[in-house]
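Here is a walk through one protein chain, written to be read with the model open beside you. We'll go from charged pairs to the core, then to a strand or two and a loop.

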Amino acid sequence: MSPLDMTAAAAFWKSSGLTGDYTVERFGDNAALADELLELVISGRKRATASLVRQFGDEPLPRIGVHWIVCDGAGRPRVILRTVSLRLGPFLSVTDDFAHAEGENDRTRDGWLAAHRAYFTRVCEGAFDEDREEVLFERFEVAHLPA
């Protein structure tokens, strides 16, 4: 994947008129997935995401009210989101409502479990234990989407 364009992200933030702290991120672990998930956000279908807590490493976890600039697979900023709710819980605690809000696949809990089990196993290089992993379930709203 291309690196995130931090200079373009700073200009994108400035042009939005928003204030406060922000991070610069992208979805997924490859350019195609980043673009696919970003398009779900832009279309209005995706309003949630999930991450393994350990994926944050030494970085702080997201906070409610903080903005994040989402970049596409090429690293270009495309939309600004604002975190509206966070929940920590075990992998299997995902709810039907959350799976639907994530907007992926068939939007069911079973579909979410299958897709995220495969994704987390891939990004953890096989070292994913669904009975022990802590997941950050995050809901967001679109704060800025240029026309």
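A salt bridge here is a side-chain nitrogen of Lys or Arg within 4 Å of a carboxyl oxygen of Asp or Glu. With that rule, a search of the whole structure turns up 11 salt bridges. Before going on, keep in mind that this is a predicted model, where local features need pLDDT of at least 70, side-chain atom pairs count only at pLDDT 80 or more, and totals for chains, interfaces and linings use all residues. Residues are numbered from 1 along each chain as its sequence is written, and side-chain values use heavy atoms, with hydrogens and water left out.

**Charged pairs**

Three of the pairs, with the N to O distance for each:

| Pair | Closest N and O atoms |
|---|---|
| Asp29 and Arg122 | 2.8 Å |
| Lys46 and Glu102 | 3.2 Å |
| Arg139 and Asp97 | 2.7 Å |

Take the Asp29 and Arg122 pair, where the closest N and O atoms are 2.8 Å apart. Asp29 sits in the loop between β1 (22–25) and α2, while Arg122 is in helix α4, so this salt bridge ties together parts that are 93 residues apart in sequence. (Helices, H or I with at least four residues, and strands, E with at least two, are DSSP runs numbered from the N terminus.) As for accessibility, buried means under 20% relative accessible area, exposed over 50%, and partly exposed in between, using a 1.4 Å probe and protein chains only. Asp29 is partly exposed at 29%, and Arg122 is partly exposed at 42%.

Are Lys46 and Glu102 buried or exposed? Lys46 has 0% relative accessibility, so it counts as buried, and Glu102 is buried as well, with a relative accessible area of 1%. The closest N and O atoms of their salt bridge are 3.2 Å apart. Lys46 lies in the loop between α2 and β2 and Glu102 in helix α3, so the pair ties together parts 56 residues apart in sequence.

Then there's Arg139 with Asp97, whose side chains meet in a salt bridge of 2.7 Å, N to O. This pair links distant parts of the chain, with Arg139 in strand β5 and Asp97 in helix α3, 42 residues apart. Arg139 counts as partly exposed, because its relative accessibility is 23%. Salt bridges that share partners also join Lys46, Glu102 and Glu104 into one network.

**The nonpolar interior**

A nonpolar core is a set of buried Ala, Val, Leu, Ile, Met, Phe, Trp, Tyr and Cys residues joined through side-chain atoms within 4.5 Å. Which residues touch the most other members of the largest nonpolar core? Out of its 27 residues, they are Phe27, Val70, Leu81, Phe91, Phe98, Trp112 and Phe137. Elements giving two or more residues to this core include α2 (31–43), β3 (67–71), α4 (109–123) and β5 (134–144). The largest share, five residues, comes from α2. Apart from this core lies another one of seven residues, among them Phe12, Val24, Ile69 and Cys71.

Cys71 is buried, at 0% relative accessibility, and Cys124 also counts as buried, at 13%. Disulfides (pairs of cysteine sulfur atoms within 2.5 Å) number zero in a search of the whole structure.

**Strands β2 and β4**

β2 is mostly covered, with five of its five residues buried. Ala48, Ala50 and Leu52 point one way from this strand and Thr49 and Ser51 the other way. β2 and β5 run antiparallel and are joined by five bridges; two strands pair if DSSP finds at least two bridges between them. Within that pairing, Ser51 stands opposite Leu136 in β5.

Over in strand β4 (residues 77–90) you'll find Thr83, which is buried at 1% relative accessibility. The side chains of Thr83 and Trp68 share a polar contact of 3.2 Å. (A polar contact is a pair of N or O atoms within 3.5 Å; within protein, one must be able to donate a hydrogen and the other to accept it, and residues adjacent in sequence count only if both atoms are side-chain atoms.)

**A loop to finish**

Arg76 belongs to the loop between β3 and β4 and is partly exposed, with a relative accessible area of 49%. Leaving aside neighbours within four places in sequence, Arg76 is in contact (heavy atoms within 4.5 Å) with Val70 and Cys71. Arg76 and Asp96 are 20 residues apart in sequence and 32 Å apart in space, C-alpha to C-alpha.
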